[in-house]
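Q: I'm new to this structure and would like a close look at just one part of it. Could you start from a single spot and work outwards?

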Amino acid sequence: MALIRVTSPHVHKANRTADVMRLVLLATLPALLAMTFFFGWGTLINVIWASLLAVGMEAAIIRLRKRPVMFYLRDYSAVVTAILLALALPPFAPWWLTLVGVFVAIVIAKHLYGGLGQNPFNPAMVAYALLLVSFPVMMTRWNMPTVLLDNGALGLFDSIAVIFGGLEPAQIDQFTGATPLDAFKHRGGLTSEEAWRQIDVLANGIGAWHAVSAAYVMGGIFLLNRKVFTWHIPLAMLAAMTVPSILLFGFDPDSYADPFFHLTAGGTMMGAFFIATDPVTAASSNKGKLFYGAGIGLLIFVIRSWGNYPDAVAFAVLLMNLAAPFIDLYTQPRSYGHTQAKRGLKGDS
Amino acid sequence: MGKVFAFHGGIHPPQNKQQSTGLAIQPGPVPKTVRLPVQQHIGAPAQPLVTVGQRVLKGQLIAEPGGRLSVAIHASVSGTVTAVGMMQVAHSSGMDALCIEIENDRLDEWVPHAGLEDFRSLNSNDLADFIRGKGVAGMGGAGFPTDVKLHVGDHHIINTLVINAAECEPYITADDMLMRERADQVIAGIGVICHMLKPSHVMIGIEDNKPQAIRALQQAALGNRHNIDVVVVPTKYPSGGEKQLIKLLTGVEVPSGGIPADVGIVCQNVGTAVAIHRAVAHGEPLISRVVTMTGDALARPHNMEVAIGTPFVDLLDQANLKENQLARLVVGGPMMGFTVNDDELPITKTTNCLIAATWEEMPEANPAQSCIRCGQCEQACPVELLPQQLHWFAKGREFDKAKNHNLFDCIECGACSYVCPSEIPLVQYYRFAKAEIRKEEAETRKADHAKKRFEARVARQEAEVAEKEARRKQRAEAAVKAQAVKKDKLEADAAKPAVTADAAAPVTDIKALKTAAAVTRTKLRQVEKALKNAENKGLEGVETLTQTVATLQTKADAAQQAYDEALNPAAAAPAPVLDLKQLKTNAAVARTKLRQAEKALAKAQDSGEGDIAALQARLTEQQAKTELAQAAYDTAESGEAAPAVAPAISAEQLAELKADWDAAQAKVAKAQAALDTAIANESPAAEKMKAGVAKLQAKADEAKKAYDDAASPVTAAAAPAISAEQLAELQADVDGMTAKVSKAQAALDTAIANESPAAEKMTAGVAKLQARLDEAVQALQAAGGAVAEPVVEPEPELDLKALKQQVSIMRTKLRKVEKAVEAAEESGEDTSELVADQAQLQQRFEAAKAQFDAEEAALVARAAEEGVDLKQLKIDAAMARAAVTKAERALAKVTEPDDQQEKLAQALEAAKQKAEQLNSTLSRFE
Ligand code: SF4
Ligand code: SF4
């Protein structure tokens, strides 16, 4: 009899890695829509451009590594990385910036470490951090939020022209803006209250940022609901940001931003739901996730408040990526039948 | 209804249970033959009691339990035993196992059997024995001997009985149907268990997807005298895992590595409860069970009550298998079952389900992708392990880390594999890692054992070397002393060129001399003390002691002198090394010369010619010399043989002592003969020779005494040092055996846990090892009172020789028949009978040869395990034997002169000893 002989189990849940990734892609849609709506076609163009680059590079490097190309491409992980990176970049970042970013993310941060599952650092954040350090001007040049269909907004083709070098962005003063975080950080001698009134992006543009954050939260809740990740990391991270910001804001509201600002202006929500939850680079046990998320939140707050960079999601995530294996060692769950959880390499309890 | 707790993780795979619950439990097919594996349970295999051709009745005991942890097997049909041998069985390993095959005569003739009228009148011991006699084993999964579980012993107090009715695996409905239809039997079975365990609380854990069974149970339990709770738990795989169910029902966790009884709980499956009831109430052994036949490839899936041993194909037929649609045949459930590709395999006591799945139903797994550390496995694991970490560790062969991450708590439930989006066969990785770790551990244990043995051997060798060295020193010392004594004695005889102490002193090793001097001094002091003591107390033997003191004083002086001389560079001139051998030779030479002188004198006297006076003088001189040499030798030798100074006596030394004794006896005989001749010749030397004989006799007696002392367990008790080394050796043996036994036991346990078919063999091995260990322990105990009996090898003789003989006999017979056949063919006679004979003989020969080969291979393996190269050993032994023969021949050839003969005799003795030693080592393995 020619029957299949395999080991148990003989049934399998109908969810594959590709399904998980597709869910993540789906969950980025609201944010993509919001970004496009408020910041113009640039984000959409970037997302598509980055995805194309990612697929191309992934295919090339898988081939170079002599692995079945289609088999690995089908897990969608490259596209997810690319889209997250593209969403984090300024909407009108030049084409080569995206190219460098995707290259760093896919080739260096992911495949040079052994491919999906082996990379210790979140590829999108490695790329983002590298770009931020190497090209600080381009990386902080955000356009003023407008409404897509408003007058003055760049049309689709103009946007393509800007991104792919047809137009010099610096000539359009629309592109000399800053992010709210940036503006708040470099507000000169202004108190926060003055800054809120006087700086345009804070006074008028903040709504767009709130909307984008809300879109990320929506996507995140969708993923939570679909059990793509657990609540531990986002919640711990947001809590770890909120608590110190409440304390410091209450103590010195002139120098520190309010908690709501921390949570909604900038990459916090994206980081909480789409970056920090990247399972490959996060801590693995539920308890570990709490520590991991809290670490990220705290680091973001610290860097934002006292560091040189206006936003800090990338750095905070990368730093905690470093700590994840360590956290894992010390947060093993207590297994059934054991009185104590094991800790550390040797498993002392 | 009790409160339900929760366990971490779990999954909700599609139930697929409704397909097989449409029909009531049907009677199973009537098999043409049944195949009954002797091991359908955890533990030792049962021992077959039947032979081929024997007629057996239904329910007759055909294999008895092969140990405490074993289960009896009964005939499930009446008929004739057609085969007892290795056959394929349904096991995940796919290996063959010992089975008994019975051809069904369809008479359905039962052995007389009867239940217990009132089981409550029996105590739990007897009841356990009764149930044991009925071959009941756990029917839920692993098949643990039920009587063992029901008789947990005094160190466990059972307060809760958990009846596992969860049946959490998809597809399986055997327990469900059993409860629906025979709830009263379940409850009756529980009554028996309660009587035996006396729990204060009984909980039946059942998943909420079996409403009918729940109702039936509740009804049956109504008004029961026992405190029975039907606890409905949410449907979640693996709630039917023993540990998970216990957690669900009681909130208690069974400690890692422990059993439920450790926390006062015993868990039994509903099917087992029914089997217990049937055994107790009707005396029916466990010869049938309910099996779920399901899967999309069956047109008529349902549950059936099947005779154990019925081949799958009969069941599939009854369930109307759509042959062309069958893609996978799973034994057990879809989560933990295993696949088989042969439908002739038999149903066993633990087979609860057969899934005949179509391709669409259970498609082949997709190739595994990379782990994305999504953590879903971790969320699903009921043991709260970190499956993805374990997977990384297993993949990277970091087994230590895997172990630290509690790999061995994994119950291989498959929940993690089920949810893994990358479709990684996680459970397979864990099985692999577990197997590797077990292998590694076994190897470490082996290495440890080998190391221990090696160290013991090195220590022993070192002790031997030290001992030899000590003996050498004593000899040297004795020689010095002898010389000194002789010198004193012969001082008056100035005419005689006595061998001076200087010339004869074996002064080579100053250190040795120093030690010798020190030793002598110490002895002297001891004796002095004893003397004082004796004097004080007015004891007897003061005189002897005084004498001894004097002698020792002389000795000490001599030793000191020798040492001083040796220290003095002038005296330390290259002195000839004079050892025992040389002394012996010297004595022999002197004797020869004496004899020659005697002869010459006799000749001269006879012929009346020559200078008789001169010859006489020469003879006297020679006699003195001979005596001197002999005395030197004797003293030296007796110094060696003296048991009081022997620091430790090993078997080898014992042999040496014996040889000494023999040699001394031979010498006495020789001397006596010489004396006789001398007397007959009226030789003037006769007088002196007489004294010599007497001396020799005394020496022989001494040697005998030394030997007896060493060999006798009573006198040697006074010399605890003698057996210290042997004790150590025995201890090492015992330790080694203990380690072996525990190793084997551990291996056995693992095998049992794995349901390995090798377990049965291993069980026998363990028993054997245990027996050997007992022997070793006994030997050690016997030696514990400083018994100096020679090391008795506790290994029982394997009948290798007999086997070998048999093989050769067979071979000879076979050749004969072959020849006969040839001859018959040539002469044109009828050869058919002879040919048949030949075939039979060939078969027997082959069987014998195979057995012999196997034994021998086992031996070699055993020897290798003990660090001995059996082949090399054999060669060595053979060579030693050859050396003995050679030496014997040489000795036979040489009749004179005397000293050469003596040397040869010595060589022979040595060769014999060596051969003996090697043989004894060899015999340990044969
Ligand atoms: S479920 Fe599979 S992919 Fe996810 S963490 Fe576990 S092993 Fe890795
Ligand atoms: S197979 Fe082992 S690791 Fe996987 S879920 Fe079951 S117990 Fe946990």
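Where in chain B is B:Asp108 placed?

A: Keep in mind as you look that this is a predicted model. B:Asp108 is in the loop of chain B that runs between β8 and α1, the latter covering residues 124-133. There's something to spot in its backbone: phi is near 55°, so a residue that isn't glycine has a positive value here. Most residues other than glycine have a negative phi.

Now step back from that loop into β8 itself, which spans residues 96-104 of chain B. This strand belongs to an open sheet of four strands, and reading across it you get β2-β8-β7-β4, with antiparallel pairing. The edges are β2 (33-37) and β4 (55-56) of chain B, each of which pairs on one side only. Strands in a sheet hold on to each other through backbone hydrogen bonds, in either a parallel or an antiparallel way. Take the β2(B) and β8(B) pair: five bridges link them in the antiparallel sense. If you want one spot to zoom in on, find B:Leu36 and look across to B:Ile100 in β8(B), which stands opposite.

Chain B has another open sheet of four strands to set beside that one, ordered β11-β10-β9-β12, and here the pairing is parallel. Its edges are β11 and β12 (265-269) of chain B; each has a single partner strand, so one side of each has no neighbour in the sheet. Going from one strand to the next, the twist averages 25°. Inside this sheet, β9 (residues 160-164) and β10 (residues 201-207) of chain B run parallel and are joined by five bridges. B:Asn164 is a handy landmark, with B:Gly205 in β10(B) as its bridge partner. Lying across β9, β10, β11 and β12 of chain B is helix α3 (residues 174-197), which runs at about 160° to β9(B).

Follow chain B past β11 (228-233) and you enter the loop that leads to α5 (242-250), where B:Pro238 is placed. The peptide bond joining B:Tyr237 and B:Pro238 is cis, with omega about 0°. Most peptide bonds are trans.

Further along chain B, have a look at the two ligands. Around ligand 1 you'll find residues including B:Cys371, B:Cys374, B:Cys377 and B:Cys420, along with B:Arg373 and B:Gln388. By class, this shell has eight nonpolar, three polar and one charged residues. Ligand 2 has 14 residues around it, and those that come nearest are B:Cys381, B:Cys410, B:Cys413, B:Gly414 and B:Cys416. The elements giving two or more residues to that shell are α11 (415-419) and α12 (426-490) of chain B. Sorted by class, the shell around ligand 2 comes out as twelve nonpolar, one polar and one charged.

Key
Residues are numbered from 1 along each chain as its sequence is written. Chains are lettered from A and ligands numbered from 1 in the order in which they are written. This is a predicted model: local features need pLDDT of at least 70, side-chain atom pairs count only at pLDDT 80 or more; totals for chains, interfaces and linings use all residues. Side-chain values use heavy atoms; hydrogens and water are left out. Two strands pair if DSSP finds at least two bridges between them. A residue is near a molecule or strand if one of its heavy atoms lies within 4 Å of it. Ala, Val, Leu, Ile, Met, Phe, Trp, Tyr, Cys and Pro count as nonpolar, Asp, Glu, Lys and Arg as charged, and the others, Gly among them, as polar. Axes are lines fitted to C-alpha atoms, for helices over the stretch in contact, and angles run from 0 to 180 degrees between N-to-C directions. Contact means heavy atoms within 4.5 Å.
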